[in-house]
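Let's walk through this fold together, one piece at a time. Keep the viewer open and turn the model as you read.

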Amino acid sequence: MRDLMTVASYTIKEMIKRKSFIISNIIILLIIVLGFNVPNILEAIKGDDTENIGNNTVLIVDEDNIFEGNLESLNKMELGTNFKVQNVKITKEELKQKIDDEEIFASLILKKENGAININYVIDSIAMNELPQYVVEALSKIYTNMQIGKLNLTNEQLASLNTGFNVEVTETNENPASGNIFAIMLLSIVLFYAIYFCAYQVSSSITTEKTSKIMETLVTSTTPRTIVLGKTIGIGIVGLLQVSLIILVSVISCNLFLDPNLLSSIIDVSKITPMLAVSVIIYFILGYAIYSLLYALTGSTVSKPEDINSANGPVAILAVIGFYLSYFAMMNPTSEINVFASIFPFSAPFSMPFRIMMGTATPIQIVISLGIMILSIIVIAHISIKIYSSAIFNYGTKMSIKDILKMYKDKN
């Protein structure tokens with residue numbers, strides 16, 4: 001146990017002393033703070049609404065008075081646009097001048113021909129500025145109500161023409177999903193990158209120490225088993241602290257810089273419970289253990305840092321498959337594939353915590369998922385340590401899968 005802690009503490013010190021580690025963390029934290037300040041930055045750039053009112057003003061020219069003075073009601077619909085109405089004809093040159101002077105953003109010229117209302121949308125450039133459909137729908141609603149009003153209908157008849165529809169959704173699944181799917185997918189992505197990049201550091205660390213011959217000193221001082229587990233624990237602790245720091249800065253930045261109403265529209269805060277936090281930590285540790293032990297195996301089979309990426313390729317593919325299995329399964333939270341993704345050990349770390357968050361995971365499924373992951377860790381650790389103990393002194397070319405299998409059999 002003492003040797004295990006020695007290797008773990010040595011690994012922690014080596015990681016946190018790296019300039020690349022320090023600089024990358026500073027950049028990540030700055031990006032997080034900047035990201036939460038984006039709405040404030042945009043607001044500052046936008047400036048005072050009174051100074052930029054022309055950028056949000058649409059001039060409606062109804063020279064034939066088709067809408068009989070009812071167009072002013074557009075500004076009461078809260079469409080996010082300021083409408084200015086005039087019944088006097090205006091030339092194209094005059095409109096161009098108003099747009100160039102930023103008095104208006106665009107103009108709608110209304111004409112009625114053959115029973116239809118034609119809309120000429122005048123704008124500086126049509127690129128990414130097509131006439132919003134909600135404006136057309138608002139104009140249609142005003143005109144329809146205006147014509148209905150001329151029919152002298154009773155209040156009951158008018159009410160029957162504007163019947164509202166109340167929609168209620170009922171799920172037949174015994175464990176209906178609840179929560180914001182977008183937020184769940186976003187958190188799943190964060191968890192994936194936390195596990196993947198922390199585990200990747202194990203492979204990089206082992207290969208670096210092989211190159212610098214430090215590994216020979218470590219092996220003479222302790223056992224290969226202690227080195228593998230010590231490095232896994234050390235890098236795991238650093239990764240957990242790194243993720244915790246990122247979450248802490250995110251929460252602080254969110255509370256300081258983000259509008260609470262905007263946050264509530266993205267994330268259902270009521271779903272963030274202590275149970276969810278515990279499950280995320282547990283699955284982070286177990287997921288990290290699986291992938292870090294696999295990366296320890298691949299790291300021991302190469303002797304040059306430039307061979308790391310090619311050696312890690314199969315594990316990276318396995319990680320991506322596991323992530324996308326859980327990601328696409330979340331689109332249908334109650335499907336059987338989602339259950340499989342939360343039990344399959346390579347996708348469970350990215351899937352099960354958020355099935356728990358959505359309330360679709362049963363206690364028996366959680367127990368089975370944890371059991372399979374722990375069993376997988378034991379099996380992978382057994383294989384990795386056996387191959388690692390023989391492959392660690394390989395300073396030749398990168399080993400093939402056939403060589404690795406032969407080495408494992410010989411070790412047995």
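Start with the sheet: four strands in the order 2-1-3-4, open, with mixed pairing. Strands and helices here are DSSP runs numbered from the N terminus, with E over at least two residues for a strand and H or I over at least four for a helix. Two strands count as paired if DSSP finds at least two bridges between them. Strand 2 (82–86) and strand 4 (116–123) are the edges, each pairing on one side only. Ignoring direction, neighbouring strands of this sheet are turned against each other by 25 degrees on average.

Before going further, a word on what you're looking at: this is a predicted model, so local features need pLDDT of at least 70 and side-chain atom pairs count only at pLDDT 80 or more, while totals for chains, interfaces and linings use all residues. Residues are numbered from 1 along each chain as its sequence is written, and side-chain values use heavy atoms, with hydrogens and water left out.

Back to the sheet. Strand 1 (residues 57–61) and strand 3 (residues 106–113) run parallel and are joined by four bridges. Look for Val 61, which stands opposite Ile 109 in strand 3. Helix 5 (residues 133–149) packs on this sheet and touches strand 2, strand 3 and strand 4; its direction makes about 40 degrees with that of strand 3. Touching, or contact, means heavy atoms within 4.5 Å.

Two loop residues around here deserve a click. Most residues other than glycine have a negative phi. Asn 65, in the loop between strand 1 and strand 2, has a positive phi of about 55 degrees although it is not a glycine. Glu 102 sits in the loop between helix 4 (92–100) and strand 3, and its phi is positive too, about 60 degrees, again without being a glycine. How exposed are they? With a relative accessible area of 53%, Glu 102 is exposed, whereas Asn 65, at 36% relative accessibility, counts as partly exposed. The cut-offs are under 20% relative accessible area for buried, over 50% for exposed and in between for partly exposed, using a 1.4 Å probe and protein chains only.

Now zoom out. The protein has 16 helices alongside its four strands, and 39% of its 412 residues are buried. Of the contacts with a separation of 6 or more, 75% are between residues 24 or more positions apart.

Next, the helix pairs. Two packed helices are described by the angle between their axes and the distance between the axes. Axes are lines fitted to C-alpha atoms, for helices over the stretch in contact, and angles run from 0 to 180 degrees between N-to-C directions.

Which way does helix 9 (residues 224–257) meet helix 1 (residues 2–17)? Their axes come within 7 Å and cross at roughly 45 degrees, so the two are oblique to each other. Under 35 degrees counts as roughly parallel, over 145 as roughly antiparallel, 65 to 115 as roughly perpendicular and the rest as oblique. The crossing of helix 1 and helix 9 is right-handed, meaning that the near helix is turned clockwise from the far one by less than a right angle, while anticlockwise would be left-handed. Among the residues making the contact are Leu 4, Val 7 and Thr 11 of helix 1 and Ile 227, Lys 231 and Gly 234 of helix 9.

Helix 2 (residues 19–36) also packs on helix 9, with axes that come within 9 Å and cross at roughly 25 degrees. That makes helix 2 roughly parallel to helix 9, and the crossing is right-handed.

Lys 231 turns up again with Ser 205, a residue of helix 7 (residues 181–211). Ser 205 is buried, at 5% relative accessibility. Leaving out residues up to four places away in sequence, Ser 205 touches Arg 18, Lys 231 and Ile 235. Ser 205 and Lys 231 are 26 residues apart in sequence and 8.3 Å apart in space, C-alpha to C-alpha.

Finish with helix 13 (residues 336–343) and helix 14 (residues 348–358), whose axes come within 6 Å and cross at roughly 120 degrees. Helix 13 is therefore oblique to helix 14, and the crossing is left-handed.
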